[in-house]
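Me: Could we go through this model together? I have a few short questions on it.

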Amino acid sequence: MTIGEVSRKFEISTDTLRYYERIGLIPSVPRNKSGLREYDAESCNWINFIKCMRSAGMPIEALIEYVQLFQMGDDTIEARKNLLVEQLKNLEAKRDNIQTTIDRLNIKIKHYEDIILKYENSLKV
């Protein structure tokens, strides 16, 4: 796939794709005889993974570390797992904070609904 096709497929700008490759988030993308990028299935899998992790809030630095560890081979499996476990804990903490905020907002909204209902009922008298 060309960079334009990948950009459209994953809804990521071509500049971002080039940046991700330049900083090592996407292992080297194969190129054709003209030197143009030809994204293969492996490259697309990395992009999909990175997009998912970034949307979950995983820092670029952690992703770069993960990719570097991956490229070092199977001796880094435990380190990669630990990195992902750490990111999962961070994400779960964020989720818990968001749930606390949602719960508080629901209480506040209910409070306002009670006030509005009292006011509306007072108008009926």
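The exchange below takes up helix H1, an aromatic pair, a loop residue and a pocket.

Me: What should I know about the source and the numbering?
Reply: This is a predicted model, where local features need pLDDT of at least 70, side-chain atom pairs count only at pLDDT 80 or more, and totals for chains, interfaces and linings use all residues. Residues are numbered from 1 along each chain as its sequence is written, and side-chain values use heavy atoms, with hydrogens and water left out.

Me: Which residues of helix H1 are buried?
Reply: In H1 (residues 3-10), they are Ile3, Gly4, Val6, Ser7 and Phe10. Buried means under 20% relative accessible area, exposed over 50% and partly exposed in between, with a 1.4 Å probe and protein chains only. Helices are DSSP runs of H or I with at least four residues, numbered from the N terminus.

Me: Why are they on the same side of H1?
Reply: Because they cover an arc of only 165° around the axis, taken from the directions from the helix axis to the C-beta atoms.

Me: What covers them, and which residues does the other face carry?
Reply: The cover includes helix H2 (14-22) and H3, where contact means heavy atoms within 4.5 Å. The face turned away from the buried side carries the exposed residues Arg8 and Lys9. Just after H1, Glu11 has a positive phi of about 55°.

Me: Changing topic, how many aromatic pairs are there?
Reply: A search of the whole structure gives five. Rings of Phe, Tyr and Trp (its six-membered ring) pair if their centres lie within 6.5 Å; planes under 30 degrees apart count as stacked, over 60 as edge-to-face and the rest as tilted.

Me: What about Trp46 and Phe70?
Reply: Their ring centres are 5.0 Å apart and their planes are at 80°, so the pair is edge-to-face. The pair links distant parts of the chain, with Trp46 in helix H3 (residues 41-55) and Phe70 in helix H4 (residues 60-72), 24 residues apart.

Me: Is Trp46 buried or exposed?
Reply: Trp46 counts as buried, at 7% relative accessibility, whereas Phe70 is partly exposed at 37%.

Me: Where is Asp74?
Reply: Asp74 is in the loop between H4 and H5, and is exposed with a relative accessible area of 64%.

Me: Last topic: which helix gives the most to the lining of the largest pocket?
Reply: Helix H5 (residues 77-124) does, with six residues.

Key. 1 Å grid on protein atoms, 1.4 Å probe; cavity = no way out; pocket = protein on both sides within 12 Å on 5 of 7 lines; lining within 4 Å. Points joined across faces, edges and corners; volume = space filled by probe spheres on them. Helix = DSSP H or I, 4+ residues; strand = E, 2+ residues; numbered from the N terminus.
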